[in-house]
Amino acid sequence: MTDKTMTPDEVVSRLRDGMTLGIGGWGSRRKPMALVRAILRSELTGLTVVSYGGPDVGLLAAAGRIRKLVTAFATLDTIALEPHFRTARQQGTLELTEVDEAMLMWGLHAAANRLPFLPVRAGLGSDVMRVNPGLRTVTSPYEDGESLVAMPALRLDAALVHMNRADRLGNGQYLGPDPYFDDLFCEAADEAYMSCERLVDTAELTKEAAPQTLLVKRSTVTGVVETPGGAHFTSCAPDHERDEAFQQAYASTPWPEFAARFLSGDDEAAYHAAVRSWHEEQSNRIRHDEQSNRIRHEEQPK
């Protein structure tokens with residue numbers, strides 16, 4: 001039994017330029033954002049990213065760290081299209097492999113089982129095959145003789161995921177409504193790094209939650225990072241909801257301005273301090289506006 005605890009920067013120090021990196025979560029939900037921000041503090045570049053994309057993709061694309069993206073979508077959920085992903089596509093700064101959501105899942109399944117591909121029906125009769133001319137079909141060797149898409153394995157050099165709880169050995173627990181595919185990302189990778197809202201003793205993992213919530217197995221995890229608020233600004237239910245106000249600011253603020261204010265610090269603590277300062281400014285502005293409106297109303301002639 002090995003203590004696998006690390007810091008975000010220690011995780012990133014183990015990554016290399018040009019790696020194929022899987023990032024768990026879904027859209028703007030339970031993303032390992034602290035680990036993504038640690039990448040942005042490094043010089044890491046030339047990445048192939050595999051993700052059900054959200055702001056993880058947007059941040060890395062805006063910073064010019066992605067060479068190729070494999071995804072089914074890139075969304076902020078309440079904002080339909082991730083704005084920095086959109087800009088990267090419009091400017092042609094990254095290569096895109098866009099597949100069906102189920103195809104991405106089966107690509108991870110194939111990699112997790114160390115298979116070269118898995119046959120799937122998803123993608124047939126759609127433009128997925130047209131925009132991905134490298135995809136091939138296979139014919140069933142049985143009597144049905146059905147033609148199926150041969151979805152290639154999405155082998156990952158490393159995976160990053162975020163859990164609600166974890167122990168020091170690498171067991172990871174989700175407490176929200178959906179496991180997403182974080183276990184598959186870990187199983188499909190040569191190395192997997194898991195951040196969590198809180199580290200607990202192993203016995204605590206099933207004290208108040210069902211064993212089925214133990215999603216990530218320690219045998220698939222290389223390192224564990226305790227990062228309270230490490231999914232911010234995405235949601236990590238039930239620990240915290242998405243920071244919608246901050247997400248709106250992220251989506252509408254020019255990238256150089258956003259990066260300078262929130263991503264130029266030396267560590268994760270600096271990021272959260274900058275976010276708290278921003279929220280205080282917003283609260284003060286709201287109070288000032290309310291007070292101004294009240295004064296104007298009181299000064300109106302009766």
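In the predicted model, the search for enclosed space yields one cavity of 30 Å³ or more. The volume of this largest cavity is about 60 Å³. Its lining consists of Arg37, Leu40, Arg41, Phe262, Leu263, Gly265, Asp267, Ala270 and Tyr271. Two elements, helix 2 (33–41) and helix 10 (268–299), each give two or more residues to this lining. The greatest contribution to the lining of the largest cavity is that of helix 2, with three residues. When the lining residues of the largest cavity are sorted by class, five are nonpolar, one is polar and three are charged.

Open pockets were examined as well. The largest pocket encloses about 240 Å³ of space. Strand 2 (47–51), strand 3 (66–71) and strand 7 (147–152) are the elements that supply two or more residues to the lining of the largest pocket. This lining comprises 15 residues, and those nearest the centre of the pocket are Lys68, Val70, Thr97, Pro152 and Leu154. Eight residues of the lining of the largest pocket are nonpolar, five are polar and two are charged.

The second largest pocket has a volume of about 200 Å³. The residues that line the second largest pocket are Arg165, Gln173, Leu175, Arg198, Val200, Glu204, Leu205, Lys207, Glu208 and Ala209. In this lining, five residues are charged, four are nonpolar and one is polar.

Attention now turns to charged side chains. Side chains of opposite charge can pair when their charged atoms come close. The structure contains 16 salt bridges, and three of the pairs are described here, beginning with Asp182 and Arg30. Asp182 and Arg30 form a salt bridge in which the closest N and O atoms are 2.8 Å apart. This pair links distant parts of the chain, as Asp182 belongs to helix 7 (residues 182–187) and Arg30 to the loop between strand 1 (20–23) and helix 2, 152 residues apart. Asp182 is buried, because its relative accessible area is 0%, below the limit of 20%. Arg30 likewise counts as buried, with a relative accessibility of 3%.

A second salt bridge is formed by Arg67 and Glu95, with 3.8 Å between the closest N and O atoms. Because Arg67 lies in strand 3 and Glu95 in strand 4 (residues 95–98), the pair ties together parts of the chain that are 28 residues apart in sequence. The relative accessible area of Arg67 is 46%, so this residue is partly exposed. Glu95 is also partly exposed, at 40% relative accessibility.

A third salt bridge joins the side chains of Asp77 and Arg242, at an N to O distance of 2.7 Å. Asp77 is found in the loop between strand 3 and helix 4 (83–91), and Arg242 in the loop between strand 12 (223–226) and helix 8 (244–252), so the pair ties together parts that are 165 residues apart in sequence. The two partners fall into separate accessibility classes: Asp77, at 25% relative accessibility, counts as partly exposed, whereas Arg242, at 16%, counts as buried. Asp77 and Arg242 also belong to one network with Arg29 and Glu244, joined by salt bridges that share partners.

Cysteine side chains were considered next. A search of the whole structure finds zero disulfides. The closest cysteine sulfur to that of Cys186 is in Cys196, at a distance of 12 Å, which is too far for a bond, because a disulfide requires two sulfur atoms within 2.5 Å. Cys186 counts as buried, with a relative accessibility of 1%. Cys236 is likewise in no disulfide, and the nearest cysteine sulfur, that of Cys196, is 9.5 Å away. The relative accessible area of Cys236 is 1%, so Cys236 is buried.

Technical notes: Residues numbered from 1 in each chain as written. Predicted model: local features only at pLDDT ≥ 70, side-chain atom pairs only at ≥ 80, totals over all residues. Heavy atoms only, no water. 1 Å grid on protein atoms, 1.4 Å probe; cavity = no way out; pocket = protein on both sides within 12 Å on 5 of 7 lines; lining within 4 Å. Points joined across faces, edges and corners; volume = space filled by probe spheres on them. Helix = DSSP H or I, 4+ residues; strand = E, 2+ residues; numbered from the N terminus. Nonpolar A, V, L, I, M, F, W, Y, C, P; charged D, E, K, R; others polar. Salt bridge = Lys/Arg side-chain N within 4 Å of Asp/Glu carboxyl O. Buried < 20%, exposed > 50% of the residue type's maximum accessible area, 1.4 Å probe, protein only.
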